[in-house]
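Thanks for making the time. I have one structure to go through today, and I will keep to what can be read off the coordinates.

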Amino acid sequence: GSARGRLFDVQDKGLDTNADNVLFSVSRASAPYHTDGASANIAYDAVGLLCINPALEGGKLHLSNACTALGLLKNKVPKFVLNELFRPLPRDVLEDGSGQGVNRADLLRFSRCPDLLKLRVQHNAYPIFEEGSNGHTKLLRFRYMRQWIESGHSKGQMHIPPLLKIALDALDSAIDAENVASITMQSGEMVFCNNMIFC
């Protein structure tokens, strides 16, 4: 299961993704390239998307290859900049549940108070890329949503270091260059994405 259950409805509920604890999946905002999940404690190897009703307009799904993008970065970006993508980075904390804001339960409001949220964000840190191996097989885990890094730094009362901004800009360009598919899904179609890559 996941923090929001095994199935989660992606549907515009008229919410603003700039508000606290609001997911892109409950808004009409276009989500940039990202992997699902924003918790240091939960990493999804694969995620599926099923189209029940296609959007009347927009709703195009763009897929990229993070492994190929990383190879491109290793050839173009100095290692001291690239290292920013391999160190733990604070991320925003998104509460379990529907991802529709914080206007409910007192405990949730308490957990979002700025002083406590600052500590929670600083604890919720993990790298964008993690490399490892399993015997002779090289493994690469990719976990990324730039907005959660930027809002995490803001809520953690930290400035984004210049090298990190350069690294994130380079990553966004590389992911965009490695776009492998742009799909307008139809009812009944499914797509599965793998966030743990065997290289």
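I will start with the chain as a whole, then take a helix and its surroundings, some single residues, the cysteines, and the cavities.

First, a caveat. This is a predicted model, so please take every value I quote as computed from predicted coordinates.

The overall numbers. The protein chain has 199 residues, and 35% of them are buried. Its secondary structure consists of six helices and nine strands. The exposed surface of the chain comes to about 11800 Å², with 54% of that supplied by carbon and sulfur atoms. On contacts: if we take those with a sequence separation of 6 or more, 75% are between residues 24 or more positions apart.

Now the helix I want to spend some time on, which is H5, residues 146-155. How many of the 10 residues in H5 are buried? Seven are, so the helix is mostly covered by the under 20% cut-off on relative accessible area. By name, the buried ones are Arg146, Gln147, Trp148, Ile149, Ser151, Gly152 and His153. As you can see, that set includes Arg146 and His153 as well as Trp148 and Ile149.

What covers the buried residues of H5? The cover includes strand E3, helix H4 at 114-123 and helix H6 at 162-177.

Let me take E3 next, as part of that cover. This strand spans residues 89-90, and Leu89 is in it. Leu89 has a relative accessibility of 0%, so it counts as buried. Setting aside neighbours within four places in sequence, Leu89 is in contact with Glu84, Asn124, Ala125, Tyr126, Pro127, Ile128, Ile149 and Leu164. One of those contacts, Ile149, is also among the buried residues of H5. Another, Ala125, is 36 residues from Leu89 along the chain, and the C-alpha atoms of the two are separated by 4.7 Å.

Following the chain out of E3, we come to the loop between E3 and helix H3, which is 106-111. I have two residues from this loop. Arg91 is in it, and at 2% relative accessibility Arg91 is buried despite its place in a loop. The C-alpha of Arg91 is 4.6 Å from that of Ile149, with the two positions 58 residues apart along the chain. That brings us back to H5, where Ile149 is one of the buried residues. The second loop residue is Leu94. Leu94 is also buried, with a relative accessible area of 12%. Its C-alpha is 7.7 Å from that of Ser39, a residue 55 positions away in sequence.

At the other end of H5 there is a backbone detail. Just after the helix, Gln157 has a positive phi of about 55°, and this is a residue other than glycine. Gln157 sits in the loop between H5 and H6. Is Gln157 buried or exposed? At 52% relative accessibility, Gln157 counts as exposed, since the cut-off is over 50%.

One more long-range pair, from strand E6, residues 137-142. Leu139 is in that strand and is buried, with a relative accessible area of 18%. The C-alpha atoms of Leu139 and Ile197 are 5.8 Å apart, for a sequence separation of 58 residues.

Cysteines, briefly. A disulfide is a covalent bond between the sulfur atoms of two cysteines. With a sulfur–sulfur cut-off of 2.5 Å, the count here is zero disulfides. As for accessibility, Cys51 is buried at 10%, whereas Cys113 is partly exposed, with a relative accessible area of 27%.

Last, the cavities. How many cavities of 30 Å³ or more does a search of the whole structure find? The search finds two. The largest holds about 50 Å³ of space. Its lining consists of Thr35, Asp36, Gly37, Ile42, Ala43, Tyr44, Arg141, Phe142, Arg143 and Asn195. By type, the lining residues divide into four nonpolar, three polar and three charged. The charged ones are Asp36, Arg141 and Arg143. Two of the lining residues, Arg141 and Phe142, fall within the range of E6, the strand that also holds Leu139.

That is the tour. I will leave the structure on the screen for questions.

Definitions and conventions:
Residues are numbered from 1 along each chain as its sequence is written. This is a predicted model: local features need pLDDT of at least 70, side-chain atom pairs count only at pLDDT 80 or more; totals for chains, interfaces and linings use all residues. Side-chain values use heavy atoms; hydrogens and water are left out. On a 1 Å grid over the protein atoms alone, a cavity is a set of points where a 1.4 Å probe fits but cannot get out, and a pocket is an open set with protein on both sides within 12 Å along at least five of seven lines; lining residues have an atom within 4 Å of a point. Grid points are joined across faces, edges and corners, and a volume is the space filled by probe spheres set on the points. Helices (H or I, at least four residues) and strands (E, at least two) are DSSP runs, numbered from the N terminus. Buried means under 20% relative accessible area, exposed over 50%, partly exposed in between (1.4 Å probe, protein chains only). Contact means heavy atoms within 4.5 Å. Accessible areas come from the Shrake-Rupley method with a 1.4 Å probe; for residues, only the protein chains shown count as cover.
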